Amino acid sequence: MSTPSRIAAVVHILSLAIWAALILAAGLAAAVAFPTMKPLNPTLPEFSAYPHDHWLIAAGLVANRIFTITDTASIALAGIAILSAFVLVTQPTPRERLLWLLALAAAAITLAYSLAILRPRMDRNLIEFWTTARAGQVQTADAARHRFDDDHPTASRLISAQLAFVTLALGTISWSLASRRP
């Protein structure tokens with residue numbers, strides 16, 4: 001394997017590994033933030049006009065920030081993975097190449113759908129929820145919260161699928177490169 005191919009392989013594997021780690025870390029942060037915040041039952045002065053579930057707002061503010069950072073980093077990491085894949089495209093055997101490229105494409109597609117379609121809609125509903133909750137418009141806030149909640153299972157499935165595809169791409173290319181004869 002040439003030096004540019006070796007560099008591309010390292011960059012590719014690292015970008016996929018970091019991408020997968022970020023997805024896991026964001027999920028872990030949300031899985032810890034919400035159950036931790038609920039029994040604390042905080043009261044948020046900024047949302048004093050909204051009588052329900054301040055714990056959910058507090059945890060949501062933190063989790064949303066984490067997901068925004070993760071999404072931004074995922075775009076960069078997906079780009080790096082795709083660019084480095086162009087250098088590596090002839091390295092795996094044809095069967096491994098097909099699985100690797102399909103997994104990489106599926107990871108990119110799930111990320112793109114999430115960021116271009118689902119996340120903007122969820123963000124609009126979340127911002128409307130927070131804005132109207134601050135203003136004490138309880139019915140409007142609750143309606144926005146329910147619209148956000150309706151999209152949440154889809155978002156969770158997309159994140160899980162993205163993680164599975166990134167991990168499959170990482171495993172396939174790593175296996176392929178590790179099993180090559182010198």
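Helix H1 (residues 3-40) packs against helix H2 (residues 54-88) at an angle of about 170 degrees, with the two axes 8 Å apart. Helices here are DSSP runs (H or I, at least four residues), numbered from the N terminus; axes are lines fitted to C-alpha atoms over the stretch in contact, and angles run from 0 to 180 degrees between N-to-C directions. That angle makes H1 roughly antiparallel to H2, a label for angles over 145 degrees. By class, 30 nonpolar, 7 polar and 1 charged residues take part in the contact of H1 with H2.

This is a predicted model, so local features need pLDDT of at least 70 and side-chain atom pairs pLDDT 80 or more, while totals for chains, interfaces and linings use all residues. Residues are numbered from 1 along each chain as its sequence is written, and side-chain values use heavy atoms, with hydrogens and water left out.

On to the cores. The largest nonpolar core (buried residues joined through side-chain atoms within 4.5 Å) has 22 residues, and Leu 16, Trp 19 and Ala 169 are among those with the most contacts inside it. H1, H2, helix H3 (94-134) and H4 each give two or more residues to this core. A second, separate core of 16 residues includes Phe 47, Phe 129, Ala 144 and Ala 155.

Asp 151 sits in helix H4 (residues 138-178). Asp 151 is buried, at 11% relative accessible area, where buried means under 20% with a 1.4 Å probe and protein chains only. The Asp 151 side chain makes a polar contact with the side chain of Arg 121 (2.8 Å); such a contact is a donor-acceptor pair of N or O atoms within 3.5 Å.

Terms used
Buried means under 20% relative accessible area, exposed over 50%, partly exposed in between (1.4 Å probe, protein chains only). Angles under 35 degrees count as roughly parallel, over 145 as roughly antiparallel, 65 to 115 as roughly perpendicular and the rest as oblique. Ala, Val, Leu, Ile, Met, Phe, Trp, Tyr, Cys and Pro count as nonpolar, Asp, Glu, Lys and Arg as charged, and the others, Gly among them, as polar.
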